[in-house]
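Dear colleague,

I am passing on the structure below, together with some notes on its aromatic side chains. Please read the notes with the coordinates open beside you.

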Amino acid sequence: MINLAKRSEQLELIDTESPGYDEWCIILNELELINKLTFAYSPTIKAIDRTLKARHEGQQRPVKVLDVGFGYGDVLRRLARRAVKKKYSFDLTGFEINPWAVKVAREVTPAEMKIRYLTSNIFEENLKESYDIIINSLFTHHLKSEEIIKLVQWMSCHAKYGWVINDLHRHRIPYYFIKYFTRFLRFNRCIINDAPLSVARSFVRSDWESIIKNANIDFSNVSISWHWPFRYCVSYMG
């Protein structure tokens, strides 16, 4: 039986192998399906709405949003569609270290959305441009704890309004559910291997409290909220 008392240090296949373009298309498409079925977007969207209400209400200029580790670009596309529905004005940019992911995201995104997808490693990025809100979804579990601390500090320095992290809750229920769900539906080999491992590499509340403390972030500006099904949303409003 899996021991989920602490984060797994085992690396996922997509972090150790180099799948080709065709396989990346399959991987990212299947990940988007899982995200849709597990209501993955809701915590991020709700946190952004709260931030806009607190910090941007009444302003006319576009809200500059950066998604770090955007994967398939599906969160940014959701925000683009929401902007039309809610009559927001977003300036949307994504950073992703994997060039195949950038290529796929560009190909599946309608031109009218005008989302900028860029190949970039933020730990090596001398970012001169500032953003209002920086987000990432299902990204931090790929990182070591010390890298997450560095990421949180980086986002705090470069986000005018604040940042939002949306990631998994380390727990037996999502671990075994996704393990057998992906096998039953015969998902791609990387998804079958990495989906339960993503849960094993993810977080409990005390992990986030430790990360925030070690990043020297004021807890009074941070919200750590649990969302069904088994996710944590960590948001900071500076």
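Tyr 176 and Tyr 180 both belong to helix H7, which spans residues 172-184, and because they are 4 residues apart in that helix, about one helical turn separates them. Please keep in mind throughout that this is a predicted model. As for solvent, Tyr 176 is partly exposed, its relative accessible area being 25%, and Tyr 180 is likewise partly exposed, with a value of 46%.

A further pair is made by Phe 181 and Phe 187, whose ring centres are 5.9 Å apart and whose planes meet at 55 degrees, which makes the arrangement tilted. Of these two residues, Phe 187 counts as buried, since its relative accessibility of 9% falls under the 20% cut-off.

In total, the structure contains 12 aromatic pairs. One of them is formed by Tyr 176 and Tyr 180, and it is classed as stacked because the planes of the two rings are 15 degrees apart, under the limit of 30 degrees, with the ring centres separated by 6.5 Å. These two tyrosines also take part in a cluster, in which ring pairs link them with Tyr 175.

Finally, there are two places to inspect where a lysine lies over the face of a tyrosine ring: Lys 64 is placed over Tyr 131, at 5.4 Å from the ring centre, and Lys 103 is placed over Tyr 21, at 5.2 Å from the ring centre.

With best regards

How values were computed. Residues are numbered from 1 along each chain as its sequence is written. This is a predicted model: local features need pLDDT of at least 70, side-chain atom pairs count only at pLDDT 80 or more; totals for chains, interfaces and linings use all residues. Side-chain values use heavy atoms; hydrogens and water are left out. Rings of Phe, Tyr and Trp (its six-membered ring) pair if their centres lie within 6.5 Å; planes under 30 degrees apart count as stacked, over 60 as edge-to-face and the rest as tilted. Helices (H or I, at least four residues) and strands (E, at least two) are DSSP runs, numbered from the N terminus. Buried means under 20% relative accessible area, exposed over 50%, partly exposed in between (1.4 Å probe, protein chains only). A charge sits over a ring if NZ of Lys or CZ of Arg is within 6 Å of the ring centre and within 35 degrees of the ring normal.
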